[in-house]
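Good morning, and thank you for the time on today's agenda. I would like to take you through one model, moving from the overall fold to a few individual residues.

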Amino acid sequence: MTESQQHAEGPRTPAKRGGGDPATRGRTTIADGVVEKIAGLAARDVIGVHAMGSGFARTLGAVRDRVPGGGRSATATRGVKAEVGEVQTALDLEIVVDYGVAIADVARSVRENVISAVERMTGLEVVEVNIAVSDVKLPDEADEEEEAEPRLQ
């Protein structure tokens, strides 16, 4: 094509494809497990939270962690249940607190940390965070999750 032919056709403008904001072209879904992991990690970050889940769930989780392929991802979601909708989520958490902490203050801090993390990372509105304190970790109690001494040497 010669220069004179290009000028005759006029300036070339790129064809506009699609329409509107790219953010509106498609749908994003977030699995319950994703929200549960985020909430579980955010709750564990709060000082005064010793563990997540009931004693039975922690015992089963400790056994599962020792099995090859048992996965550590279950640890992150232990004690957390999420219901995720299109734009909102609701969470139920079960925690074990350290002896001597003010449970109401720990629950408030957990709620604030979980809401902040979930809303920031997912864009979902957290409508409620229900917290059940299932146990208190006493200073002289051994952790159920600690490794027991091996029977064989």
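I shall begin with the fold, continue with the strand pairing, and end with three residues. Please keep in mind throughout that this is a predicted model.

The protein chain contains 5 helices and 4 strands. Followed along the sequence, these elements come in the order α-α-β-α-α-β-β-α-β. The chain has 153 residues, and 26% of them count as buried. As for contacts between residues at least 6 apart in sequence, 74% of these join residues at least 24 apart.

Let us turn to the sheet, taking strand β3, residues 88-98, as our reference. Which strands does β3 pair with in the antiparallel sense? One of them is β1, residues 49-52, which is joined to β3 by 3 bridges. Within that pairing, Val49 has Val97 of β3 as its bridge partner. The other is β2, residues 80-84, which runs antiparallel to β3 with 5 bridges between the two. Here Lys81 is matched with Asp92 in β3. β2 and β3 make up a hairpin, and 3 residues separate the two strands.

The pairing of β3 with β4, residues 125-137, is parallel and comprises 11 bridges. To get from β3 to β4, the chain passes through helix α5, residues 103-122, and this β-α-β crossover is right-handed. Two positions illustrate the register: Asp92 lies opposite Asn130 of β4, and Glu94 lies opposite Ala132 of β4. Asp92 is thus a position to note on both sides, being the bridge partner of Lys81 and standing opposite Asn130. As a general reminder, side chains in a regular strand alternate between the two faces of the sheet.

I come now to the individual residues, starting with Ala132 in strand β4. Is Ala132 buried or exposed? Ala132 is partly exposed, because its relative accessible area is 39%, which lies between the limits of 20% and 50%. Setting aside residues up to four places away in sequence, Ala132 touches Leu93, Glu94 and Ile95. Its C-alpha lies 8.7 Å from that of Val96, a residue 36 positions away in sequence.

The second residue is Thr122, which belongs to helix α5. Thr122 counts as buried because its relative accessibility is 15%, and the cut-off for that class is under 20%. What does the side chain of Thr122 reach? At 2.5 Å it reaches the backbone oxygen of Val118, and at 3.1 Å the backbone nitrogen of Leu124. Beyond its neighbours within four places in sequence, Thr122 is in contact with Ile30, Val35 and Ile38.

The third residue is Glu36, located in helix α2, residues 32-44. Glu36 is buried, yet it has no salt bridge. Which side chain of opposite charge is nearest to Glu36? That side chain is Lys81, at 4.2 Å; the distance does not qualify because a salt bridge requires the atoms to be within 4 Å. Lys81 is nevertheless in contact with Glu36, as are Ala76, Thr77, Val80 and Ala82, with neighbours within four places in sequence left out.

Lys81 therefore deserves a second look on the display. Its bridge partner in β3 is Asp92, and Lys81 is also among the residues in contact with Glu36 of helix α2.

Conventions
Residues are numbered from 1 along each chain as its sequence is written. This is a predicted model: local features need pLDDT of at least 70, side-chain atom pairs count only at pLDDT 80 or more; totals for chains, interfaces and linings use all residues. Side-chain values use heavy atoms; hydrogens and water are left out. Two strands pair if DSSP finds at least two bridges between them. A crossover is right-handed if, with the strands pointing away from the viewer, the path from the first strand over the helix to the second runs clockwise. Buried means under 20% relative accessible area, exposed over 50%, partly exposed in between (1.4 Å probe, protein chains only). A polar contact is a pair of N or O atoms within 3.5 Å; within protein, one must be able to donate a hydrogen and the other to accept it, and residues adjacent in sequence count only if both atoms are side-chain atoms. Contact means heavy atoms within 4.5 Å. Lys and Arg count as positive and Asp and Glu as negative; His and the chain ends are not counted.
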